[in-house]
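Below are some notes on the model, set out as numbered points. Please read them with the structure open.

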Amino acid sequence: ASYNIAKAAFELAMKRQKKTVTAIHKATVMRLSDGLFLDTVRDVAKTYPQIAYDEMLVDAAAALLVRDPGRFDVLVTTNMFGDILSDLASELSGGLGLAGSLNAGHGHIMAQAQHGSAPDIAGQDKANPTSLILSLAMLLEQWEETKAAAWINGALATLLANAKTRTTDLGGMLTCSAFAALLCQHISGD
């Protein structure tokens, strides 16, 4: 599993401008599990000499993610630290409702809202659908449907840039269904 996630991180970095992978760990305390993870990522890093590679303790990474998020490009970490840091990064952009999420494996990939199902507001038309919509765009990119993903991302950027076309959690007036309908209109050009 460590090999698979490390390989995926370096393959993703190959497609990006900065071409940097940072391994996030706590091998100083979790010597066996994070030690195995780190050794595996180091081995994979050797096969990608064109990718800059560094390592960081998770607590330092959390602090730097708040202070200087642009310092990072691709983060690779264990499931627990990834879950925590992805929530932190989502909040930096405005909340959990603004982050896309994919679960990707060999032969299967699943888009999901990063924030989960939000059962406390289920059926109230309050949820911000942006997370699930961004997840769909990420899924389309994985399927190499880049034009469709670009339409979705562009429409979302346009709607989120205007306070009048945002959902209530972002200071706007739109419900979940109204935002989704407006997004569909924007994508279709109506």
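1. Contact range. In the protein chain, 59% of the contacts between residues at least 6 apart in sequence join residues at least 24 apart. Please keep in mind that the model is predicted.

2. Overall make-up. The protein chain has 7 helices and 5 strands. Read from the N terminus, the order of elements is α-β-α-β-α-β-α-β-β-α-α-α. The C-alpha trace spans about 50 × 35 × 30 Å along its principal axes. Of the 190 residues in the chain, 34% count as buried.

3. Strand β1, burial. Strand β1 covers residues 20-25, and 6 of its 6 residues are buried, so the strand is largely enclosed by the rest of the structure. In a regular strand, side chains alternate between the two faces of the sheet. Here T20, T22 and I24 point one way from β1, while V21, A23 and H25 point the other way. The residues of both sets are buried.

4. Strand β1, pairing. Which strands does β1 pair with? One partner is β2 (residues 52-57), which runs parallel to β1 and is joined to it by 6 bridges. Within that pairing, T22 of β1 has D54 as its bridge partner in β2. Another partner is β3 (residues 74-76), again in the parallel sense, over 3 bridges. On that side the bridge partner of A23 is V76.

5. Crossover. Helix α2 (residues 33-46) forms a β-α-β unit together with β1 and β2. The unit is right-handed.

6. The loop after β1. K26 sits in the loop between β1 and α2. Its side chain makes a polar contact with the side chain of D59, at 2.9 Å. Leaving out residues up to four places away in sequence, K26 touches D34, L57, V58, D59 and F81.

7. Nonpolar cores. In soluble globular proteins, nonpolar side chains tend to be buried together. The largest nonpolar core in this model has 16 residues, and F10, V21, V41, I51 and V76 have the most contacts inside it. Two or more residues come from each of α1 (2-14), β1, α2 and β3. Helix α2 gives the most, with 5 residues. A second, separate core has 11 residues, among them A137, L140, L159 and F179.

8. V76 in more detail. V76 is one of the residues with the most contacts inside the largest core, and it is also the bridge partner of A23. Setting aside neighbours within four places in sequence, V76 is in contact with I5, A6, A9, V21, T22, A23, I24, F37 and V41.

9. Cysteines. How many disulfides does a search of the whole structure find? The search finds 0. C176 is in no disulfide, and the nearest cysteine sulfur, that of C184, is 11 Å away. Why is C184 not bonded to C176? The closest cysteine sulfur to that of C184 is the one in C176, and at 11 Å it is too far for a bond; a disulfide needs the two sulfur atoms within 2.5 Å. As for its surroundings, C176 is partly exposed, with a relative accessible area of 21%. The cut-off for buried is under 20%, so this value falls in the partly exposed class.

Methods
Residues numbered from 1 in each chain as written. Predicted model: local features only at pLDDT ≥ 70, side-chain atom pairs only at ≥ 80, totals over all residues. Heavy atoms only, no water. Buried < 20%, exposed > 50% of the residue type's maximum accessible area, 1.4 Å probe, protein only. Helix = DSSP H or I, 4+ residues; strand = E, 2+ residues; numbered from the N terminus. Pairing = 2+ DSSP bridges. Right-handed = clockwise from strand over helix to strand, strands pointing away. Core = buried A, V, L, I, M, F, W, Y, C linked by side-chain atoms within 4.5 Å. Contact = heavy atoms within 4.5 Å. Polar contact = N/O pair within 3.5 Å; in protein donor to acceptor, adjacent residues only side chain to side chain.
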